[in-house]
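Me: I would like a close look at one part of this protein. Please start with how far the model can be trusted, then work inward.

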Amino acid sequence: MAPGVQTHRVQQTSLPKRWLGAAVLAAALSTGIAQTSRGYIMQTLPYPAYSTPETSAYNLKWGKMIARVHASTQMEYNDNINLSELNPRSDFSISPNVGVGFMYPVSKNNLLQLDLGVGYRWYLNSPAVSSIILAPNSRLDYRVFINDLSLNFYDNISVQADPVSRPEISGAGAGDFINFRRLHNLAGVIAEWRPFRQWGFVGGYSHTLDRSLTSEYLELDYDQHTFSLGAMYQASSRLMLGLNNAYAMTFYRDSFQNDGTAFNIGPFVTWEATRFILLDASVAYSLATYDTNNRIADASDFQGLVFQVGVRHRINRRMNQNLRVGRTAGLGFGSNYTEMYSLQHGFQWQLNRAMSVNTLFSYENFQASNVGGDSGNRYMAYVGFNYSLTRTWNATLAYSYALKDSAIEGRDYSQNRLTLELQKRF
């Protein structure tokens, strides 16, 4: 341990209540076609969906700054890394990872927070496709409080090295998706103004940069500018109502995909039905139009309702579950957009002080916008067992399964993954 570093458990604290509205609105704005909610789409191994670390996870202290450091090694067997129906390629990978995070109150009204997870995935039989990994929770936050105004400057960065994250992707006849690796960076600012106790107004701007990390799939590189505006009303201590809208402009760097603009507007609600059940829902009218002067043969525009409904249920002291359903329309792959209906269920069970079980099931029905585009159903399941070997050492054994049933011959696949991870918290 470095000199001057104290090791202790930091008492969990919560951010000011005014930040709840900004977080809710930011999530609601991701419902529409303008951008895809990372937390909504199930991510298979090696990382779960993005989530902000709890304050209690920080166990180091330097003066006013609290921090956390952890390292891990993950070993995984994957029987179909190229998502092919006819010629699946199996491989074994090793992924050393390091995670760091800190929270530093610059002043009474300014807070700086960083969470970064970085690693490298090395394939035993296919070393040419080994790549760097940035965890989805890699994020820089700078928060400023000025009387009734709150400003949150943020930057999320991740490396998408898992082609399972997109339902349209599968092998035969469509290229070797083993080289599908992308850098995704989302930066922006969210401002929240609460002139009255029950009323709040939120506005924001974000810039998305998405780039291929290989010489393939450069036609999918894009920049997106999103402007958002909304209002919320705290009807009671358990009920929040609101209205939000967003406008996005997407520009591709190549002349393959069509540039486009998207607008969505609609209400959202969060309701703490009981001490154990929390519901959130948002619905929006979405309108997206696209150019027709690029190489893909797709003149489709999107118009209609998109929605998300989620329920979080604390069953008892040891068990929790969550359910989410929705309809989204995200940026396409060889098409203007992909429309998708989704259902996702997660379950967490703390068996005892040392062992816990986590499960996740996801179903997706997707349809590409272009004529003859990929469509079908996809099923994904995950089960993981976590065991605390000591106070600072953890082991996780996990299995995940993905099955795609495509309407296009040769685009089906199934994939099995078995993973063992050892993690050390400092």
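In which strand is confidence lowest, and in which is it highest? After that, take me to the largest cavity and to the loop that holds Q257.

Reply: This is a predicted model, so confidence comes first. Strand β1, residues 6-7, has the lowest confidence, with a mean of 37. Strand β15, residues 302-314, has the highest, at 96. The pLDDT stays below 50 over residues 1-52. That stretch still has 149 contacts in the model beyond near neighbours in sequence. For the protein as a whole, the average pLDDT is 85. A score of at least 70 is reached by 85% of the residues.

Next, the overall build. The protein has 21 strands and one helix. Of its 426 residues, 48% are buried. Take the contacts between residues at least 6 apart in sequence: 59% of them join residues at least 24 apart. The accessible surface is about 20200 Å². Carbon and sulfur atoms account for 60% of that surface.

Now the interior. There are three cavities of 30 Å³ or more. The largest has a volume of about 140 Å³. Its lining is made of 16 residues. Closest to the centre are I81, R121, Y123, A161 and P163. Two strands that each give at least two residues to this lining are β5 (110-123) and β21 (413-425). By class, the lining has nine nonpolar residues, four charged and three polar.

Then the loop. Q257 sits between β12 (239-252) and β13 (260-272). Is Q257 buried or exposed? Its relative accessibility is 1%, so Q257 counts as buried; the cut-off for buried is under 20%.

What does Q257 touch, leaving aside neighbours within four places in sequence? One contact is Y252, and β12 ends at residue 252. E219 and L220 are also in contact with Q257. So are N294 and I296. The run G332, F333, G334 and S335 completes the list. A C-alpha distance adds to the picture: Q257 and N293 lie 9.3 Å apart in space, with their positions 36 residues apart in sequence.

To recap the loop: Q257 is a buried residue, and its contacts include residues from E219 through to S335 in the numbering.

Methods: Residues are numbered from 1 along each chain as its sequence is written. This is a predicted model: local features need pLDDT of at least 70, side-chain atom pairs count only at pLDDT 80 or more; totals for chains, interfaces and linings use all residues. Side-chain values use heavy atoms; hydrogens and water are left out. pLDDT is the predictor's confidence in each residue, from 0 to 100. Helices (H or I, at least four residues) and strands (E, at least two) are DSSP runs, numbered from the N terminus. Contact means heavy atoms within 4.5 Å. Buried means under 20% relative accessible area, exposed over 50%, partly exposed in between (1.4 Å probe, protein chains only). Accessible areas come from the Shrake-Rupley method with a 1.4 Å probe; for residues, only the protein chains shown count as cover. On a 1 Å grid over the protein atoms alone, a cavity is a set of points where a 1.4 Å probe fits but cannot get out, and a pocket is an open set with protein on both sides within 12 Å along at least five of seven lines; lining residues have an atom within 4 Å of a point. Grid points are joined across faces, edges and corners, and a volume is the space filled by probe spheres set on the points. Ala, Val, Leu, Ile, Met, Phe, Trp, Tyr, Cys and Pro count as nonpolar, Asp, Glu, Lys and Arg as charged, and the others, Gly among them, as polar.
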